[in-house]
Structure formats: C-alpha cells, structure tokens
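Visitor: I have a structure open here and would like to talk through it with you. Could you take me around?

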Amino acid sequence: MAVIVEPYTKEKIIPAIEIWNEVVREGVAFPQEKELDEKSGDKFFSAQSFTGLAVEESTGEVLAIYILHPNNVGRCAHISNASYAVKKNLRGKHIGEILVTHCIKKARELGFKILQFNAVVANNIPARKLYKRLGFTELGTIPGGFRMPDGTFADIVPQFIEV
C-alpha cells in the first residue's frame, strides 16, 4: 500500500469526519466529546494551520487524518500541537508514523519551533512508542489528567520535539 499525505479539501469531508469521529466515540485519546458533522467538521479542519489526509495513492481512499495548529498564542505561538486519527482497521500498519513524520516537517515549514502533545494518555502505548522512536521527549506525568468513558481518570504524558 502506497500512502501519501495531501492537504484536506472539502471534497473529502465525509471520510475525514468518519475517521475523526471514530476516535471521538472511542473516548480514549481525544479530549473532544462531541462528534463533528459536515458543517462543523469542515469549519474545524479548515481552521487549522494544516490538516493532512493520509491517502492510498492508487485508490484515493482516505486512511487517516491529522490537524496541526498553534498550541498557544503570543510569546508561545512558536509551539505547535497536533492530533492524529487512523481508521481503526488500519492501525498498526505505520500510517500513524507517516502522519507524524509529515507533521514534523509541516510544522517546520510553517515556522513552528516545537511540536508538543499536551494530553497523550499514558496507556496509549503504541503512540508513546512511536513518539519515542521519532525523538520526542516525555515531559512527565499528569496524574488523572484524562477522563475515560467509564468516568475513571487516566494519567497523561505530555510530549515534545524540536522541529
């Protein structure tokens, strides 16, 4: 499977929101609780500094999505933040690695100096292993920083890399 990353366009809103909403519904990685519809999804994806779609090159099928945006404003606007969503049945096939690698390069192109993840859930071991392999630094643990779907709280492990 040849995977390329292309910029989000409104023509791909349906698969983009389906992939995003799958992660929102799972409730174990994204802080959002409300699903996107076509209107809110297009507004959300279009408002980012960059929204990338991982696409199967030969078929055009959307496999995954990421968003990249400032993590803060003013004196901290050089720090970016990102979120990634891969179709559930395609996880573990290195598509996330393609997204994160592309995102690091895109952050640099856009003038960011740092890529920071504020809320990596501690038990998201595949993501943490990937980030470590790509050179991210774990900043410590925030006990109980993420509310799980069952109402319990999981630790979060913020991450960063200089881009």
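Guide: We can go through the sheet, a hairpin, a helix pair and a few single residues, keeping in mind that this is a predicted model.

Visitor: Sheet to start with, then. What's the strand order?

Guide: The order is 1-2-3-4-5-9-6 in an open sheet of seven strands, and the pairing is mixed. Strand 1 (3-7) and strand 6 (137-138) are the edge strands, each of them pairing on one side only.

Visitor: And how do strand 1 and strand 2 run, parallel or antiparallel?

Guide: They pair in the antiparallel sense, with five bridges between strand 1 and strand 2 (residues 50-56). Within that pairing, Val5 stands opposite Ala54 of strand 2.

Visitor: What about the hairpin of strand 7 and strand 8, how many residues sit between the strands?

Guide: Five residues lie between the strands of that hairpin, and one residue to look at there is Gly151, whose phi is positive, near 95 degrees. Strand 7 (residues 142-147) and strand 8 (residues 153-156) run antiparallel and are joined by three bridges, and Arg147 is found opposite Phe153 in strand 8.

Visitor: Which residue other than glycine has a positive phi?

Guide: One such residue is His94, with phi near 70 degrees. His94 belongs to the loop between strand 4 (79-86) and helix 3 (95-109).

Visitor: Is His94 buried or exposed?

Guide: His94 counts as exposed, because its relative accessibility is 52%.

Visitor: Switching to helices: at what angle do helix 1 and helix 2 cross?

Guide: The axes of helix 1 (residues 13-26) and helix 2 (residues 38-46) cross at roughly 90 degrees and come within 10 Å of each other, which means that helix 1 is roughly perpendicular to helix 2.

Visitor: Which residues meet there?

Guide: From helix 1 there are Ile13, Ile14, Ala16, Ile17 and Trp20, and these meet Glu38, Gly41, Asp42, Phe44 and Phe45 of helix 2.

Visitor: Back to strand 4 for a moment. Is Val86 buried or exposed?

Guide: Val86, which lies in strand 4, counts as buried because its relative accessibility is 12%. Its contacts, leaving aside neighbours within four places in sequence, are Ile19, Glu22, Leu63, Ala64, Arg91, Ile95, Gly96 and Leu99. With Ile19 in particular, the C-alpha to C-alpha separation is 6.5 Å, although Val86 and Ile19 are 67 residues apart along the chain.

Visitor: Strand 5 next. What is Gln116 doing there?

Guide: Gln116 lies in strand 5 (residues 114-117) and is buried, since its relative accessible area is 18% and the cut-off for buried is under 20%. The side chain of Gln116 makes a polar contact, at 2.7 Å, with the side chain of Asn118. Not counting residues up to four places away in sequence, Gln116 also touches Asn71, Ile79, Ser80, Asn81, Ala82, Gln159 and Phe160.

Visitor: Last topic, cysteines. How many disulfides are there?

Guide: The count comes to zero disulfides.

Visitor: Why is Cys76 not in one?

Guide: The closest cysteine sulfur to that of Cys76 is in Cys103, 18 Å away, and this is too far for a bond, because a disulfide needs the two sulfur atoms within 2.5 Å. Cys103 is likewise in no disulfide, the sulfur of Cys76 being the nearest cysteine sulfur.

Visitor: And how accessible are Cys76 and Cys103?

Guide: Cys76 is partly exposed, with a relative accessible area of 33%, whereas Cys103 is buried, with a relative accessible area of 0%.

Key
Residues numbered from 1 in each chain as written. Predicted model: local features only at pLDDT ≥ 70, side-chain atom pairs only at ≥ 80, totals over all residues. Heavy atoms only, no water. Buried < 20%, exposed > 50% of the residue type's maximum accessible area, 1.4 Å probe, protein only. Helix = DSSP H or I, 4+ residues; strand = E, 2+ residues; numbered from the N terminus. Polar contact = N/O pair within 3.5 Å; in protein donor to acceptor, adjacent residues only side chain to side chain. Contact = heavy atoms within 4.5 Å. Pairing = 2+ DSSP bridges. Axes fitted to C-alpha atoms, helices over the stretch in contact; angles between N-to-C directions. Parallel < 35°, antiparallel > 145°, perpendicular 65-115°, else oblique.
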